[in-house]
Amino acid sequence: MPTTSVTPIRRQYLHIKRRYPDAILFFRLGDFYETFDHDAEIVAEELNVVLTSRNMGKGQRVPMAGVPHHAAESYIADLIAKGHKVAICEQMSSEPIKGLMPRDVVRVITPGTVVEPALLSEKRNNYLATVVLEEKGVGIAYADITTGEFATTQIDDPRPRAAALRELDRLAPAEIVLSDGGSAHIGPPETRIAEAARRYPQFAELGASLALYEDWRFELGTCRQALLQHFDVTSLAGYGCEDKPLAIRAAGVLVQYLGQHQADALSQLDTLATYSTDSFMTLDVATRRNLELTETLRDRNFKGSLLWVLDETLTPMGGRLLRRWITQPLLDIVALEERLTAVDVCYRDVAARTALRDLLRGFGDLERLTNRVVQRVAGPRDLIGIRTALMRVAGLRERVAQMLAHTKVPDAEVYPLDGAELTPLPELVDLIDHALVDDPPATLTNGGVIRRGYSAELDGIEASVAEAKRWVAGLERAERERTGIKSLKVGFNKVFGYYLEVTKANLDQVPEEYIRKQTLVNAERYITPELKEREALILHAEERSQELEARLFAELLDEVALHADALRATARAVAHLDVFLSLAEVAAAYNYVRPELSDETVVEGKTTVPRIEIVAGRHPVVERTLTDKLFVPNDTYLSAEEAIHVITGPNMSGKSTYLRQVALITLMAQIGSFVPADRAHIGLVDRIFARVGAQDEIAAGQSTFMVEMVELANILNHATPRSLLILDEIGRGTSTYDGISIAWAAVEFVHNHPRLGAKTLFATHYHELTELEGFLPRVRNYNVAVVSQGAKIVFTHRIVPGGADRSYGIHVAQMAGLPSAVIHRAEELLKELESAAQRVPVGTGQKIIKVKQLPLFQASHPVVDELRALDVSTMSPLEALNKLYELQQKAK
């Protein structure tokens, strides 16, 4: 379309839209944000608003859809939730220039760059992540612009996508930025969304929005320069990533992306943390979901997760910190002991814990409020929130000091209980208190924010306005008395301003100095020079007052921003205190104990892996959900000598619960939490692998059995002697003999492979696996005890030594409500199948099949018998060699 044939506003729109082709442009026109062309069609469909059209030139009408300016936030939230970017184009002046209002994009909102509180979850970080994939490694950077967190890592792994998926699953970012592979012109917004999902299907399954970004921005030189310029430094050595090119590239892409979409947010990222995933327990995607750390497996609900059990935090930043801890358990025993000590101090002092938690109620999100100030998007109520929070810090500090003074926990002066970063900032409290009214409006639009006495200039303007309004307020009574017109009224509207209204019955009494302004059906409206003078004073003064309040508030934000570092440090300390109090509260309420921790030791070159010993352990989630009975606790002992437990027992007896219980208790200890047990000694584990339950991914082209095998392969290929393996019903998705063979071979592999020897809980219905205890020295058999009461059985849910004698599957079927005819027939068939080599009639008796229960191993072999009979102690080396050759020939 030739630009000469369109209106000036159309030319302006097209010029701006060309700069943001992959975003939906919200174009400000008066009280509405309008969208045009294909953007309008997307908005109409996604937001269910009316699609209209507008004349933009000679006979040219274009699609248009708009939303009210005052309600735009909720509409933007819907678009962001569906993966779109929204570019906000505002009017940059109150007056037109050459007949056209100047406009420009003030920011681009994407899922990872949201700052509006209404669009954010209080207790979840809103991460923007960038990923750089190479053949043998991956770089990942992430930032939360609402908190200022910015970190990067490089993971060297021959399976870079799997490594990236594992770390991204932990972070749960809102948006992931990936290379477009050099295809810069992919198309409109919805096309780019679909293309990103096609190119990176594994990441699309995480539920994050995927954004394709120009490939040249991922080059090392470009990214390094972006970071050097952002931090105004000449080297990245101080940030720990100088020798990690993939980490540099990921962080550099993130800085470029923010600079293009949300430039004001870059000031938040004042430092960069380079971390190693080797410093934390490794949890793959399957394990996180199987253990239901932050959401349930089936419904993805918060309730029923480990986080649901442990989260008694009272501040948003405390909730975010606890979530991070649960998804990133530590391997550093010193840091863990410090966390446990802090929890212990809070646990023992009930009065102090109660008082501190009372102070934290309603504390507010000091972390995000501070960052809104730094970005200069904070409103008056945000500053009141900061003041309210700071007014409680002194009380927190005092209570913490009292708690430390009375505690009997040794070495208790750990962060944040030392109080060093709990800074009340009384001068900042006084500044905000002096500057703002107690209950200010949410915005500066209509004034009324700055307190009287803060600015002499503002006080003078408001005094003159107040005097003029008093004169207007008394005008009606004065004019009625002067003119004798009892029905005379003084009014105001936006079109004519102030006026005097006289009914037509009294027009003969109107004074000569009244100037007619408007004629109505039954009245006339007038003005006077004095009234217009006061009107001009009021309107001009109100405009000046609002402008002055806006300037004073901006200056106040600048003052508060100078304290940003101290405010952030205080927010971090409060978050840690909140988490420690939360863990102590849960421990006290549900009878948790402080675990003993130990790490591997090396003596004379030999590495000793510490034990896991749990006495009367309980599942933290299941025990909270039981309403009509008590949870049955169980003991666990895993050591180098008893590394593998083969656990048999009937369905519904509690095997899976027990397996998850051990994994969760271990994980809880490694985040610094007390654990549900009478006593616990936890040898730190580097990884937990949980293959529990069936996750059928038929929609992804994989059967239950295939998913199980893929997960098992991942476990066997990546476990170490320090790992904890939780394996439930391996091999059940195929034929009996295939399943037994795979399960048996997996146990042997874990036991015998020099790289493994990991502590393993292996639950199975294959009773043949109990034979492993006879010739694998570190295997032990356990089963879930069952009590028979006549024809019925009772599950005790207790794990006891030894293998189970039967599966009780038919009893479970009976409990599930299968028809009695099916149960009786199943019992008959079971008896026949359990007998050796029987002919079993099936169905109507017309078909006869031969069923034989084969042993896993043949009973004997002549070579084996001869080998057993040899007395090798009396044979010479030559005789032994000859005999070995003879036996070999027989075996062949």
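Biologist: Are E623 and R618 buried or exposed?

Modeller: In this predicted model, E623 is buried, and R618 is buried as well.

Biologist: What makes the contact between E623 and R618 a salt bridge?

Modeller: Their side chains meet at 2.7 Å, N to O. The cut-off for a salt bridge is 4 Å between such atoms, so the pair qualifies. Salt bridges that share partners also join E337, D344, R348 and R594 into one network.

Biologist: How many salt bridges does a search of the whole structure find?

Modeller: The search finds 54. One of them pairs D22 with K85.

Biologist: How do you know that D22 and K85 form a salt bridge, and where do they lie in the chain?

Modeller: Their closest N and O atoms are 2.7 Å apart, and the limit is 4 Å, so the pair counts. The two residues are 63 apart in sequence and link distant parts of the chain. D22 belongs to the loop between helix 1 (8-19) and strand 1 (24-29), whereas K85 belongs to the loop between helix 3 (72-81) and strand 5 (86-91). Both D22 and K85 are buried.

Biologist: What makes the pair E457 and R551 a salt bridge?

Modeller: The closest N and O atoms of this pair are 3.6 Å apart. That value is within the 4 Å limit, and therefore the pair is a salt bridge. E457 is in helix 17 and R551 in helix 18, so named from DSSP runs numbered from the N terminus, and 94 residues separate the two.

Biologist: Why are E457 and R551 called partly exposed?

Modeller: E457 has a relative accessibility of 44%, and R551 has a relative accessible area of 40%. Buried means under 20% and exposed over 50%, so both values fall in between.

Biologist: Where do helix 17 and helix 18 meet a sheet?

Modeller: The sheet concerned is open and made of four strands, ordered 13-14-16-15, with antiparallel pairing. Its edge strands are strand 13 (489-493) and strand 15 (515-519), each pairing on one side only. From one strand to the next, the twist averages 40°. Helix 17 (residues 456-483) packs on this sheet, where it touches strand 13 and strand 14, and its direction makes about 145° with that of strand 13. Helix 18 (residues 529-561) lies across strand 13, strand 14, strand 15 and strand 16 (523-527), at about 145° to strand 14.

Biologist: How do you know that strand 13 and strand 14 pair?

Modeller: Five bridges join strand 13 to strand 14 (residues 497-503). At least two bridges are required, so the strands count as paired. Within this pairing, V490 stands opposite L500 in strand 14.

Biologist: Why are strand 17 and strand 21 said to stand at the edges of their sheet?

Modeller: Their sheet is another open one of four strands, in the order 17-23-20-21, and its pairing is mixed. Strand 17 (596-598) and strand 21 (634-638) each have a single partner strand, so one side of each lacks a neighbour in the sheet. Neighbouring strands here are turned by 15° against each other on average, direction ignored.

Biologist: What makes strand 20 and strand 23 a pair?

Modeller: Strand 20 (residues 612-617) and strand 23 (residues 679-683) share four bridges in the antiparallel sense. Since at least two are needed, the strands pair. E613 has H681 in strand 23 as its bridge partner.

Biologist: Why is Y142 called buried?

Modeller: Y142, which lies in strand 8 (residues 137-144), has a relative accessible area of 7%. The threshold is under 20%, so Y142 is buried. Beyond its neighbours within four places in sequence, Y142 is in contact with ten residues' worth of surroundings that include Y127, F150, R170 and Y275.

Biologist: Why does L884 count as exposed?

Modeller: L884 reaches 55% relative accessibility, and exposed means over 50%, so the term applies. L884 is found in helix 27 (residues 877-891). Together with L878 and L881, L884 makes a nonpolar surface patch of about 340 Å².

Biologist: Which residues of helix 2 are buried?

Modeller: In helix 2 (residues 37-47), the buried residues include D39, A40, I42, V43, A44 and L47. N48 follows this helix, and its phi is positive, near 60°.

Key:
Residues numbered from 1 in each chain as written. Predicted model: local features only at pLDDT ≥ 70, side-chain atom pairs only at ≥ 80, totals over all residues. Heavy atoms only, no water. Patch = residues over 30% accessible without salt bridge, like charges linked within 9 Å, V, L, I, M, F, W, Y side chains within 5 Å. Areas by Shrake-Rupley, 256 points an atom, 1.4 Å probe, with all protein chains shown as cover. Buried < 20%, exposed > 50% of the residue type's maximum accessible area, 1.4 Å probe, protein only. Axes fitted to C-alpha atoms, helices over the stretch in contact; angles between N-to-C directions. Contact = heavy atoms within 4.5 Å.
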